[in-house]
Amino acid sequence: MKNSIFNYTLDELGQYFESIGNKKFRATQIFEWIYRHRVTSFSQMTNLGAKTIEHLEENFYFEELKVKEVFKGQDRTEKYLFELNDGHLIETVLMRHNYGNSVCVTSQVGCKVGCKFCASGRLGKVRNLTLSELVLQVLTIQRNLDKSGERLSNIVVMGIGEPFDNYENLLGFLRVVNYPKGLEIGARHITVSTSGIVPKIYEFSDFDLQINLAISLHAPSNEIRNKIMPINNLYSLDDLIPAVKYYVEKTNRRITFEYILLKDVNDSVANAHQLSDLIRGINAYVNLIPYNEVPGAGFKRPTNEAMQEFFATLRKRGINATLRMEHGAEIDAACGQLRAQMMKRNKKA
Ligand code: SF4
């Protein structure tokens, strides 16, 4: 059976070539062809020699992610709906910022974390994405950007799924996109977001690449977090905060706390004070996100005044924070909403 050429890290491909008595550096050549020159067939790899190309064609294939639809927003945000080989749908969002183009990558089909405010959480986890499916989200979008001479400069692994629940493939993905003679996305331009899988935060702190970490915090106390994020019953703030401190100490990097503002749940001035107390002394930055209402989830978006007051309270307490500009709200960029709608549409069809 043939293997997808995108399912290998550089080391793994090098080991493969060594194991068949070929040269390890073939892997470097192939990586340059597929990730830097972005060729779509082995025959285009002109410096490999006929025998190697023949071997590649016999044993590997160029996997593709089928682009089912691309939804374009007014702010030039693009939401890609990809169809996987087994028919599952995933979504990947391209955001254009003044500092560059950023892509938000999905790590699983569905998600088992079950955050109460999230459409994907309610659908449950179906399966992990493979290394190739992770990589191809980025590569496919970069190939489209190539047509207009644009380049991806940032990656956030914040789409559907819990990346730390797909840990090995996540690390492989980070190595592939970071490879300097390939897509060349700097480690400092990559952020992985977790709901708080504490043992993996410790492991990730020791990972050799300097990747940014974001924590989906969304609550200032165990009492509130238990209600909206069941993961808190497994890893409470009492475990999470020390793990975060370890990451900051170990990597010397600032951590981001994501905080979705939910009306009458976590958006009061008292909650802002609780949050300030919780993260006091940590080199951190709080990203406040206005909630994008999910039909049937039972949560509401706070008023603009309430959100501004929350934000102002954090700032007064000396916390670094932003009230995040939304990207693609009008094309339903909120986690999982598009996939849920598409599934409904497919069911009706
Ligand atoms: S918010 Fe993220 S971690 Fe929580 S259920 Fe949704 S996809 Fe999973």
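Reader: How do you know that the shell around the ligand divides into six nonpolar, five polar and one charged?

Author: Happy to explain! In this predicted model, the class of each residue comes from its type, with Asp, Glu, Lys and Arg as charged and Gly among the polar ones. Sorted this way, the shell has six nonpolar residues, five polar and one charged.

Reader: What makes a residue count as near the ligand?

Author: Its C-beta atom, placed from the backbone, has to lie within 6 Å. There are 12 residues around the ligand, and Cys-111, Val-113, Cys-115, Cys-118 and Gly-121 come nearest.

Reader: Why is the crossing of α5 and α6 called right-handed or left-handed?

Author: A clockwise turn of the near helix from the far one, by less than a right angle, is called right-handed. The crossing of α5 and α6 is right-handed. Helix α5 (residues 131–146) and helix α6 (residues 167–178) pack at about 40 degrees, their axes 9 Å apart.

Reader: What makes the contact between α5 and α6?

Author: On α5 there are Leu-131, Leu-134, Val-135 and Val-138, and they meet Asn-169, Gly-172, Phe-173, Val-176 and Val-177 of α6. The classes here are seven nonpolar, two polar and no charged residues. Gly counts as polar, so Gly-172 falls in that class.

Reader: How do you know which residues domain 1 and domain 2 bring to their contact?

Author: The domain assignment gives domain 1 as 3–61 and domain 2 as 66–348. Two residues are in contact if their C-beta atoms lie within 7 Å. Domain 1 supplies 10 residues and domain 2 supplies 14. On the domain 1 side, helix α2 (residues 26–36) gives the most, with four residues.

Conventions
Residues numbered from 1 in each chain as written. Predicted model: local features only at pLDDT ≥ 70, side-chain atom pairs only at ≥ 80, totals over all residues. Domains from an automatic or database assignment. Helix = DSSP H or I, 4+ residues; strand = E, 2+ residues; numbered from the N terminus. Axes fitted to C-alpha atoms, helices over the stretch in contact; angles between N-to-C directions.
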